[in-house]
Amino acid sequence: MNEVHVSIRLLSGAVTETVCPANWTLAQLREHAAELLAALDTEVTLLQFGNATMDTSGTVGAIADAAKRLELVAIVKWRFADAAEANPNDALVAAAGWGHVESVERLLEWRGGPRA
């Protein structure tokens with residue numbers, strides 16, 4: 001099996017290393033990265049070092065270097081961030097409706113913070 005060693009750097013500087021099949025799609029890699037980063041209720045965007053955008057239609061092996069290594073930057077954004085800024089009550093209803101308990105708790109704490 002062809003494998004690629006993947007290094008995922010967060011904007012904080014933390015690095016996570018993993019190995020994945022070269023025939024994985026980049027969507028599969030993004031899902032795997034979200035699991036590795038234990039990023040509940042988040043959207044993960046992966047970018048290749050040196051590139052402002054990354055073609056998401058290819059495979060991991062197609063964008064790896066000759067040494068079968070791939071260095072990526074992960075941008076992790078809380079799924080309800082924009083909604084919470086626009087209208088915290090709507091964000092709370094959406095999080096509850098989807099059954100995202102952790103985000104409901106986070107929104108309740110966030111709503112109570114400015115008033116407390």
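Which residues does Asp41 touch, not counting residues up to four places away in sequence? In this predicted model, the partners of Asp41 are Lys77, Trp78, Arg79, Phe80, His100 and Ser103. Let us start there and then work through the rest of the chain.

**Around Asp41**

Asp41 sits in the loop that links helix 1 (26-36) to strand 3 (42-48). Asp41 is buried, yet no salt bridge is found for this residue. Arg79 offers the nearest side chain of opposite charge, and that side chain is 5.0 Å away. A salt bridge would need the charged atoms within 4 Å. The side chain of Asp41 does have a polar contact, with the side chain of His100, at 2.3 Å. The two distances are set side by side here:

| Partner of Asp41 | Relation | Distance |
|---|---|---|
| His100 | polar contact between side chains | 2.3 Å |
| Arg79 | nearest side chain of opposite charge, no salt bridge | 5.0 Å |

**The chain as a whole**

Stepping back, the chain contains five helices and four strands. Read from the N terminus, the order of these elements is β-β-α-β-α-β-α-α-α. The chain has 116 residues, and 33% of them count as buried. Among contacts with a separation of 6 or more, 56% are between residues 24 or more positions apart.

**Helix 1**

Helix 1 makes a nice case to look at. Its buried residues are Leu26, Leu29, His32 and Ala33. Viewed down the helix axis, these buried residues fall within an arc of 115 degrees, so they line one face of helix 1. Glu31 and Glu35, on the other side of the helix, are exposed. The cover over the buried residues of helix 1 includes strand 1, strand 2 (15-21), strand 3, helix 2 (60-63) and strand 4. After the helix comes Ala38, with a positive phi near 50 degrees.

**Two nonpolar cores**

The largest nonpolar core has 17 residues, and those touching the most other members are Val4, Val6, Leu29, Leu46, Val60, Leu70 and Leu72. At least two residues of this core come from each of strand 1 (3-10), helix 1, strand 3 and strand 4 (69-78). A separate core of eight residues lies apart from this one, with Trp78, Ala91, Ala95 and Val104 among its members. Trp78 is also one of the residues that Asp41 touches.

Leu46 is worth a visit too. Beyond its neighbours within four places in sequence, Leu46 contacts Ile8, Leu29, Arg30, Ala33, Met54, Leu72, Val73 and Ala74. Two of these, Leu29 and Ala33, are buried residues of helix 1.

How values were computed. Residues are numbered from 1 along each chain as its sequence is written. This is a predicted model: local features need pLDDT of at least 70, side-chain atom pairs count only at pLDDT 80 or more; totals for chains, interfaces and linings use all residues. Side-chain values use heavy atoms; hydrogens and water are left out. Buried means under 20% relative accessible area, exposed over 50%, partly exposed in between (1.4 Å probe, protein chains only). Lys and Arg count as positive and Asp and Glu as negative; His and the chain ends are not counted. A polar contact is a pair of N or O atoms within 3.5 Å; within protein, one must be able to donate a hydrogen and the other to accept it, and residues adjacent in sequence count only if both atoms are side-chain atoms. Contact means heavy atoms within 4.5 Å. A nonpolar core is a set of buried Ala, Val, Leu, Ile, Met, Phe, Trp, Tyr and Cys residues joined through side-chain atoms within 4.5 Å. The arc is that of the directions from the helix axis to the C-beta atoms.
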